[in-house]
Amino acid sequence: MANLHVDVVSAEESIFSGEAKFVALPGETGELGILPGHTPLISRIRPGTVRIELADGGEVGIFVAGGILEVQPGGVTVLSDTAIRAEDLDEAKALEARQRAEEALRNAKDKADIAVVEAELAMLAAQAAAARKLSQMRRR
């Protein structure tokens, strides 16, 4: 079976670059699965887990805080402001940060502050969920 080249890039660094058999990620309107030969596509992605099934049979998990997906005949590119490798995720830290953000929301006075904190809360909730999911992936 053919493979596709996958790049996952954050604002700070290249998180992953390699050959894969399959990529699954949270698209804007639902979960997307991409195999070699997929139709070209550009889509926004939601916060969640990018799961990459490697050409050698291994699996890589990466949390993204949303971003853009581009699919071309030979490859997949995921661009995200924030992307964190599974082994670097810490569910406890994400939950702690979420509690701080919830406190900030209770203290927020104007609509702009509330909107910023609500967006941060959504991202932190997705990060904690991804940490749980990726932890289960590693145990398999």
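Is arginine 85 buried, partly exposed or exposed? The tour returns to that residue at a later stop. The model on display is predicted, and the stops below proceed from the whole chain to single residues.

**The whole chain**

Begin with the protein chain in a cartoon view. The chain contains two helices and seven strands. Followed from the N terminus, its elements run β-β-β-β-β-β-β-α-α. Of the 140 residues in the chain, 37% are buried. Among contacts with a separation of 6 or more, 52% join residues 24 or more positions apart. A surface view shows an accessible area of about 7,900 Å², and carbon and sulfur atoms account for 51% of that area.

**Strands β1, β5 and β6**

Select strand β6, residues 75–79, together with strand β1, residues 4–9; the two pair in the parallel sense over five bridges. Then add strand β5, residues 59–72, which runs antiparallel to β6 and is joined to β6 by five bridges. A hairpin of two residues leads from β5 to β6. Valine 78 of β6 deserves a label: valine 8 has valine 78 as a bridge partner, and leucine 69 has valine 78 as a bridge partner as well.

**The nonpolar cores**

Next, display the side chains of Val6, Val8, Ile52 and Ile62. These residues have the most contacts inside the largest nonpolar core, which has 20 residues. The elements that give two or more residues to this core are β1, β2 (14–27), β4 (41–54), β5 and β6. The greatest contribution, five residues, comes from β2.

Centre the view on isoleucine 52. Beyond its neighbours within four places in sequence, isoleucine 52 is in contact with Val6, Val8, Phe16, Ala20, Phe22, Gly58, Glu59, Val60 and Ile62. Another core, of six residues, lies apart from the one just visited; among its members are Ile84, Leu89, Ala126 and Ala131.

**Around glycine 67 and serine 43**

Select glycine 67, which is found in strand β5. Its relative accessible area is 24%, so glycine 67 is partly exposed. Residues up to four places away in sequence aside, glycine 67 touches Ser43, Arg44, Ile45, Leu79 and Ser80. Glutamate 28 is 39 residues away from glycine 67 along the chain, and their C-alpha atoms are separated by 9.6 Å.

Move to serine 43, in strand β4. Serine 43 counts as buried because its relative accessibility is 16%, and the limit for buried is under 20%. With residues up to four places away in sequence left out, serine 43 touches Glu28, Leu32, Gly67, Ile68 and Leu69.

Isoleucine 42 also lies in strand β4. At 63% relative accessibility, isoleucine 42 counts as exposed. Ile42, Ile68 and Leu79 form a nonpolar patch on the surface, and together they have about 290 Å² of accessible area.

**A stop at leucine 35**

Select leucine 35, in the loop between β3 (30–34) and β4. Leucine 35 is partly exposed, with a relative accessible area of 43%. Add phenylalanine 22: the two residues are 13 apart in sequence, and the distance from C-alpha to C-alpha is 4.9 Å.

**The salt bridges**

How many salt bridges does the structure hold? There are four salt bridges.

Display glutamate 13 and arginine 85, which form a salt bridge whose closest N and O atoms are 3.8 Å apart. This pair links distant parts of the chain, 72 residues apart: glutamate 13 is in the loop between β1 and β2, and arginine 85 is in strand β7 (residues 83–85). Glutamate 13 counts as partly exposed, at 39% relative accessibility. Here the opening question is settled: arginine 85 is partly exposed, with a relative accessible area of 24%.

Now show arginine 44 and glutamate 28, whose side chains meet in a salt bridge at 2.7 Å, N to O. The two are 16 residues apart, with arginine 44 in strand β4 and glutamate 28 in the loop between β2 and β3. Arginine 44 counts as exposed at 51% relative accessibility, whereas glutamate 28 counts as partly exposed at 40%.

Finally, select Arg51, Glu53 and Glu59, which are linked in a network of salt bridges. Within this group, the side chains of glutamate 59 and arginine 51 meet at 3.4 Å, N to O. Glutamate 59 is partly exposed at 34% relative accessibility, and arginine 51 is partly exposed at 22%.

Methods
Residues numbered from 1 in each chain as written. Predicted model: local features only at pLDDT ≥ 70, side-chain atom pairs only at ≥ 80, totals over all residues. Heavy atoms only, no water. Pairing = 2+ DSSP bridges. Helix = DSSP H or I, 4+ residues; strand = E, 2+ residues; numbered from the N terminus. Core = buried A, V, L, I, M, F, W, Y, C linked by side-chain atoms within 4.5 Å. Buried < 20%, exposed > 50% of the residue type's maximum accessible area, 1.4 Å probe, protein only. Contact = heavy atoms within 4.5 Å. Areas by Shrake-Rupley, 256 points an atom, 1.4 Å probe, with all protein chains shown as cover. Patch = residues over 30% accessible without salt bridge, like charges linked within 9 Å, V, L, I, M, F, W, Y side chains within 5 Å.
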